[in-house]
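Got your viewer open? Let's take a short walk, one selection at a time.

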Amino acid sequence: MADPFTLPPLPYDQKALEPVISSNTLGFHYGKHHQAYVTNLNKLVQGSEFESMGLEDVIRKSHGKNAGIFNNAAQIWNHTFYWHSLKAGGSQPGGKLKEAIEAFGGLEKLKADFAEAAKTQFGSGWAWIAARGGKLEVLKTGNAETPLVGGATALLTIDVWEHAYYLDYQNRRPDYVSAVIDKLLNWDFAAENLAKAK
Ligand code: MN
């Protein structure tokens, strides 16, 4: 049987996010780390009930029950979501997203809270802007944990595993976080996700 899970394409060229995220970082992060989660998951699901499920079902149904399958499946989803959260030159929030940001306390507050979550996540993990019941919230999750199993709809994420920034920023996670938030956030992607939120 063919492998059930495949590495989704990057939505841009490997050099597209330079100089904030180098081609070298993206090459390892997408080509090695993201690929490894796909390779691992394909091995782990062989002959199991998870083999014929979609990725989001695998994530929801393995959470709290099968750590190996959950970690690899969630990391596939989280990374694909992260690539789409970034865009060369960034963008500006508009429409309903802009209204939700105003209700949150404004764009500067949202960016500041997002940066704080990303900088203070202890160890490996993710920072998120999410929506719940029409309201925005900022979250951080450890390791492979994802809002997909927490009842919130993810709008944007930043990967704060060291492999996301170490080649470019070494230990300076705050510099990586600030540069991504100032220059790369794809608010059009956030708006699309908000439109799908319940
Ligand atoms: Mn990563």
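How are the donor residues of the manganese ion spaced in sequence? The pattern is H-x49-H-x79-D-x3-H. Keep in mind that this is a predicted model.

**Stop 1: the metal.** Select the manganese ion and show His29, His79, Asp159 and His163 as sticks. These four coordinate the ion, at 1.9 to 2.1 Å, with the histidines each using NE2 and Asp159 using OD. Now colour helix H3 (residues 67–85) and strand E3 (residues 153–159). His79 sits in the helix and Asp159 in the strand, so this pair ties together parts that are 80 residues apart in sequence. Are His79 and Asp159 buried or exposed? Both are buried.

**Stop 2: the rings.** Next, pick Tyr82 and Trp83. Their ring centres are 5.1 Å apart and the planes meet at 45°, so the pair counts as tilted. Tyr82 is buried, at 0% relative accessibility, and Trp83 is buried too, at 1%. Now add Tyr30, Trp77, Phe81, Trp126, Trp128 and Phe189: ring pairs link these with Tyr82 and Trp83 into a cluster. The model has 10 aromatic pairs in total.

**Stop 3: the two domains.** Colour domain 1 (23–85) and domain 2 (95–196) separately. Their C-alpha centres lie 20 Å apart. Where they meet, 21 residues of domain 1 touch 25 residues of domain 2. About 1,900 Å² is buried between them, with carbon and sulfur atoms giving 64% of that. On the domain 1 side, select Phe81, Tyr82 and Ser85: they lose the most area to domain 2, together 30% of what that side buries. How many salt bridges are there between domain 1 and domain 2? Zero.

Technical notes: Residues numbered from 1 in each chain as written. Predicted model: local features only at pLDDT ≥ 70, side-chain atom pairs only at ≥ 80, totals over all residues. Heavy atoms only, no water. Donors = N, O, S within 2.8 Å, 3.2 Å for Na, K, Ca; no water. Helix = DSSP H or I, 4+ residues; strand = E, 2+ residues; numbered from the N terminus. Buried < 20%, exposed > 50% of the residue type's maximum accessible area, 1.4 Å probe, protein only. Phe/Tyr/Trp six-rings, centres within 6.5 Å; stacked < 30°, edge-to-face > 60°. Domains from an automatic or database assignment. Contact = heavy atoms within 4.5 Å. Buried area = accessible area lost by both parts, 1.4 Å probe. Salt bridge = Lys/Arg side-chain N within 4 Å of Asp/Glu carboxyl O.
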